[in-house]
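Here are some short exercises to help you find your way around a new structure. Have a look at it first, then work through each solution step by step.

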Amino acid sequence: MKFCGRSGLAMTAAGVGAALLFSVSASHAQSGPFTGFDGAWTGTGTVSLSDGSTERIRCKADYKVAGSGLNLKQALHCASDSYKFDLTSDVTSQGDRISGNWSEASRNIFGNLQGTAGGGQIDVFVEANGFAANLSLRTNGTKQTVQISSKGEIRGVNITMTKG
């Protein structure tokens with residue numbers, strides 16, 4: 001199955017949210033809501049479609065935290081047996097509020113995101129022209145789970161990442 005058009009946009013938005021939200025332990029002392037996000041991460045999960053089908057997905061992510069843990073840059077590559085996407089985002093925090101921009105290179109699409117971060121939990125609203133999704137992240141030690149939901153063709157993404 002090849003994702004393009006609105007479903008490709010949905011997958012991209014979902015992937016960006018996931019990219020923003022992966023990771024756990026810090027490689028050096030930082031403060032701010034992105035503390036602990038630095039590093040390389042890998043994981044697997046599923047993508048659920050509106051027709052009820054699901055597909056396995058594999059992801060690799062790299063995160064760079066700067067500005068005393070207040071800025072996050074990420075790069076995420078995810079693939080299944082039938083498609084792939086390459087995403088980047090640049091996110092900044094002001095207190096517990098976060099906002100930023102994202103793009104998906106292969107489809108040349110982009111959007112923005114906003115939400116809250118703190119205490120091992122991130123909740124973000126991701127949007128692009130004609131698409132929106134809610135994303136939730138929960139961390140526990142070196143394990144992180146990401147849940148993404150939308151009303152489009154891509155109904156949900158569930159991914160578990162670990163530091164690699």
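Keep in mind that this is a predicted model.

**Exercise 1.** Find which cysteines the disulfide joins, and describe the link.

*Solution.*
- Step 1: Start with the count, which is one disulfide in the structure.
- Step 2: Locate its ends: C59 is joined to C78, with 2.2 Å from S to S. That fits the cut-off, because a disulfide is called when two cysteine sulfur atoms lie within 2.5 Å.
- Step 3: Place the ends in the chain. C59 belongs to strand β2 (residues 54–66) and C78 to strand β3 (residues 71–79), so the pair, 19 residues apart, links distant parts of the chain.
- Step 4: Look at the twist about the S-S bond: at 115°, the link of C59 and C78 is right-handed.

**Exercise 2.** Decide whether C59 is buried or exposed, and do likewise for C78.

*Solution.*
- Step 1: Recall the cut-off: buried means under 20% relative accessible area.
- Step 2: C59 has 3% relative accessibility, so C59 counts as buried.
- Step 3: C78 has 1%, so C78 counts as buried too.

**Exercise 3.** Work out in what order the strands close into a barrel.

*Solution.*
- Step 1: Follow the ten strands around: the order is β1-β2-β3-β4-β5-β6-β7-β8-β9-β10, with antiparallel pairing.
- Step 2: Add the angle: neighbouring strands of this sheet are turned by 20° against each other on average, direction ignored.
- Step 3: Zoom in on one pair. Strand β7 (residues 121–128) and strand β8 (residues 131–140) run antiparallel and share eight bridges.
- Step 4: Pick out a bridge: D123 has S136, in β8, as its partner.

Definitions and conventions. Residues are numbered from 1 along each chain as its sequence is written. This is a predicted model: local features need pLDDT of at least 70, side-chain atom pairs count only at pLDDT 80 or more; totals for chains, interfaces and linings use all residues. Side-chain values use heavy atoms; hydrogens and water are left out. Two strands pair if DSSP finds at least two bridges between them. Helices (H or I, at least four residues) and strands (E, at least two) are DSSP runs, numbered from the N terminus. Axes are lines fitted to C-alpha atoms, for helices over the stretch in contact, and angles run from 0 to 180 degrees between N-to-C directions. Buried means under 20% relative accessible area, exposed over 50%, partly exposed in between (1.4 Å probe, protein chains only).
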